[in-house]
Each structure stands twice: as C-alpha cells, then as structure tokens.
Amino acid sequence: MYHQYVMGTPFLAASFVVAACAFALSGCRSLPPSKPESLWTPEEARGAQVYRVKCGKCHRPNDTRPLNGPGLQAITKVKAMPSGTPPTDERMTYVILHGRNMMPGTQLTEDQLSDLLAYLHTL
Ligand code: HEC
C-alpha cells in the first residue's frame, strides 16, 4: 500500500507538469472547444440556422482552417480576429452587415443578428 502511494505521487506530479506545459505551450494553437449542440439555448440554435444559411459556405464553424473565409472556431474567445480587431459584438456586427474585403455584407433582421451573435459565442 505504502509503495503504491509513493509511486503514485511522482506520477501525479508528472501529469500535472505535462498538463501545465501543454497549457502554457498551447498559446494560440489550441482553442477552447465549442459548446456542444445538445447544450444550445433556443436562441443559439436559431443562430446556428442563420449561420448555416448565410455564413456556412464561407466559414467553417468548428475549425480555424479557411474555406472561402477564415475558420471561425472560438472567434469570440480569441484576442483578435484575423484582421487584428478584437472580436466584440459591435465589431462582428459591423463586419456581418457591411462585409470586409472579399466578404460581402449580409442583410439580417435584428432577431437574426442577435441569434447569430449568440451562436458565434458558442464556437
Ligand atoms: C462569400 C463568402 C463569405 C460569406 C457568405 C461570409 N463571409 Fe465572413 N469572411 C469572408 C472573407 C473572405 C473574410 C476575410 C475578410 C478579410 O479580412 O479580408 C471574412 C471574414 C470574417 C470575419 C473576420 C473579420 C475580421 O475582422 O477579421 C468574421 C467574424 C466573419 N467573416 C463572419 C461572418 C459571418 C458571421 C457570416 C454570416 C453572416 C459571414 N462571415 C459570411 C467571407 C465570407
């Protein structure tokens, strides 16, 4: 019993160090996971529908690899969007409605826009 305990302690300590390093090294490469679909609120689920119709053909929601535009995984959790602008709701709203470079503006009702923003926060 005593042996198991002393064997276990360094192992736990080692796992902790590995976990801490992984966290420290992750930097901008490893992003927090998206909220699972099963936990979406009705608003987020409606936003996902808007996204599929209006944004999905250009942006992968759960990946940062580009499609016709940058992948949007964790877009509201990163310090800066690809343009370098912080991902505030105001800034995202502006880009969504007015477009940016190759991205066309999208016409949305106020409800669609607020649902979509709620959904973007789940990514
Ligand atoms: C026709 C393709 C297309 C569609 C449709 C589209 N986008 Fe984009 N989007 C782009 C491209 C291309 C960029 C990169 C623009 C740039 O910075 O040059 C972009 C950039 C973005 C960015 C990053 C802006 C920044 O400041 O870096 C966000 C956020 C975004 N799009 C969200 C959306 C959302 C939400 C929708 C749906 C309402 C949408 N896009 C629809 C092509 C598209």
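Where does N101 lie? I started there and placed N101 in the loop between helix 3 and helix 4. I keep in mind that this is a predicted model.

**Entry 1: positive phi**

I looked up the backbone of N101. Phi is near 45°, which is positive, and the residue is not a glycine. Is N101 buried or exposed? I counted 7 other C-beta atoms within 10 Å, so N101 is exposed.

A74 also turned up with a positive phi, about 60°, and A74 is not a glycine either. I found A74 in the loop between helix 2 and helix 3. A74 has 18 C-beta neighbours inside 10 Å, so I logged it as partly exposed.

**Entry 2: overall layout**

I then went through the whole chain. I found four helices and zero strands. Read from the N terminus, the order is α-α-α-α. How much of the chain counts as buried? I noted 14% of the 123 residues.

I also checked contacts with a separation of 6 or more. Of these, 51% join residues 24 or more positions apart.

**Entry 3: helix 4 and its cover**

I turned to helix 4, residues 110-120. Which of its residues are buried? I listed D115, L116, A118, Y119 and L120. I looked for what covers them and found, among others, helix 2 (42-54) and helix 3 (89-98).

**Entry 4: helix 2 against helix 4**

Two packed helices are described by the angle between their axes and the distance between the axes. I looked up both for this pair. The axes of helix 2 and helix 4 come within 7 Å and cross at roughly 100°. An angle from 65 to 115 degrees counts as roughly perpendicular, so helix 2 is roughly perpendicular to helix 4.

Which residues meet here? From helix 2 I wrote down E43, E44, R46, G47, A48, V50 and Y51. On the helix 4 side they meet Q112, D115, L116, A118 and Y119. I sorted this contact by class: six nonpolar, two polar and four charged residues.

**Entry 5: the nonpolar core**

I looked up the largest nonpolar core and found twelve residues. They are A48, V50, Y51, C55, L72, M92, I96, L116, A118, Y119, L120 and L123. Helix 2, helix 3 and helix 4 each give two or more residues to this core. Which helix gives the most? I noted helix 4, with four residues.

I took one core member, M92, and checked its partners. Leaving out residues up to four places away in sequence, M92 touches P87, L117 and L120.

**Entry 6: the ligand shell**

I then listed the surroundings of the ligand and found 23 residues around it. Which come nearest? I recorded C55, C58, G69, S83 and M103. C55 is also in the core list above.

I split the shell by class into 13 nonpolar, seven polar and three charged residues. I checked where the shell comes from, and its largest share, three residues, belongs to helix 3.

**Entry 7: N68 and C58**

C58 led me to N68. N68 touches K57 and C58, not counting residues up to four places away in sequence. How many residues apart are N68 and C58 along the chain? I read ten, with 4.3 Å between their C-alpha atoms.

I placed N68 in the loop between helix 2 and helix 3. N68 has 10 C-beta neighbours inside 10 Å, so I logged it as exposed.

Technical notes. Residues are numbered from 1 along each chain as its sequence is written. This is a predicted model: local features need pLDDT of at least 70, side-chain atom pairs count only at pLDDT 80 or more; totals for chains, interfaces and linings use all residues. A residue is buried if 20 or more other C-beta atoms lie within 10 Å of its own, exposed if 12 or fewer, and partly exposed in between; C-beta atoms are placed from the backbone. Two residues are in contact if their C-beta atoms, placed from the backbone, lie within 7 Å. Axes are lines fitted to C-alpha atoms, for helices over the stretch in contact, and angles run from 0 to 180 degrees between N-to-C directions. Angles under 35 degrees count as roughly parallel, over 145 as roughly antiparallel, 65 to 115 as roughly perpendicular and the rest as oblique. Ala, Val, Leu, Ile, Met, Phe, Trp, Tyr, Cys and Pro count as nonpolar, Asp, Glu, Lys and Arg as charged, and the others, Gly among them, as polar. A residue is near a molecule or strand if its C-beta atom, placed from the backbone, lies within 6 Å of it. A nonpolar core is a set of buried Ala, Val, Leu, Ile, Met, Phe, Trp, Tyr and Cys residues joined through C-beta atoms within 7 Å.
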